[in-house]
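Student: Please take one part of this structure and go through it closely. I would like a connected account.

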Amino acid sequence: MHTDIERILFTESQIAQRVRELGEQISRDYERLLGDRIFHEPPIAVGLLRGAVIFLADLARAMRIPIELAFMAISSYGLSSSPGEVRVVKDLEISVAGRHILIVEDIVDTGQTLAHLQELLNARHPASVKVCALLNKTPRRARTVKLDYVGFTLTEDAFVVGYGLDYAERYRNLPYIAALKKSAITT
Ligand code: IMP
């Protein structure tokens, strides 16, 4: 185990199992919603860079329906100083009007990023917007957001890394999700 890790919260095999279940559930729901139209207008999975990349790579392969992949990057800096605004660092390169969107997030903490992103995408008139979050970290929630699919719920306010999640761009490639030692966090 990495020396900066306090403890492992979700192991590699627990994550793999949960991702398989989510892929199955999401496939079933969109099949029901779209029927044969799914082949003409597949849902677009919008992954948030960079945290959701590893999750989305696995989730996409656990889905047995046609999907398109797209990516956005959003900066959370300045959210508190300018509420109501999200700084889009990298925008989508496709139009989402009339399309079904599945936002794929690594972790929802205060909910600010997701709330702003939903407002931004809804203004582009998609057919639907759903959300799949790998982790739902509840203690600091400030905005009410509806999460359609959740990998795991965290009720403690731990800072977690691994499986795409970083601290200062490190630890993303750990195959498990773990709480980081306080000593590894420099403020
Ligand atoms: P929110 O806007 O407060 O919901 O924050 C969401 C973003 O904060 C996530 O997409 C992550 O980039 C980051 N974040 C929040 N909590 C953690 C954590 O425990 N580990 C790593 N990143 C986190």
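Tutor: What follows starts with the whole chain, moves to the sheet and ends at one residue.

This is a predicted model: local features need pLDDT of at least 70, side-chain atom pairs count only at pLDDT 80 or more, and totals for chains, interfaces and linings use all residues. Residues are numbered from 1 along each chain as its sequence is written, and side-chain values use heavy atoms, with hydrogens and water left out.

The chain has 3 helices and 9 strands. Both are DSSP runs numbered from the N terminus (helices are H or I, at least four residues; strands are E, at least two). Along the sequence the pattern reads β-α-β-α-β-β-β-α-β-β-β-β. The radius of gyration is 16 Å, close to the 16 Å of the globule rule for 187 residues, so the chain is as compact as a globular protein of that length. That radius is taken over C-alpha atoms, and the rule is 2.2 Å times the number of residues to the power 0.38. Buried residues make up 48% of the 187. Buried means under 20% relative accessible area, exposed over 50%, and partly exposed in between (1.4 Å probe, protein chains only).

Now the sheet. It is open, with 6 strands in the order 4-3-2-5-6-7 and mixed pairing. Its edges are strand 4 (87-90) and strand 7 (149-154), each of which pairs on one side only. Two strands count as paired if DSSP finds at least two bridges between them. The twist averages 30 degrees from one strand to the next. Strand 3 (residues 68-75) and strand 4 pair in the antiparallel sense over 3 bridges. Here Ala73 stands opposite Lys90 of strand 4.

Helix 3 (residues 112-122) lies across strands 2, 3, 4, 5 and 6. Helix 3 runs at about 165 degrees to strand 5 (100-108). Axes are lines fitted to C-alpha atoms, for helices over the stretch in contact, and angles run from 0 to 180 degrees between N-to-C directions.

Strand 5 contains His100. His100 is buried, at 11% relative accessible area. Leaving out residues up to four places away in sequence, His100 touches Tyr30, Leu33, Leu34, Pro43, Ile44, Ala127 and Ser128. Contact means heavy atoms within 4.5 Å. With Ser128, the His100 side chain makes a side-chain polar contact at 2.7 Å. A polar contact is a pair of N or O atoms within 3.5 Å; within protein, one must be able to donate a hydrogen and the other to accept it, and residues adjacent in sequence count only if both atoms are side-chain atoms. His100 and Ala45 are 55 residues apart in sequence and 8.7 Å apart in space, C-alpha to C-alpha.
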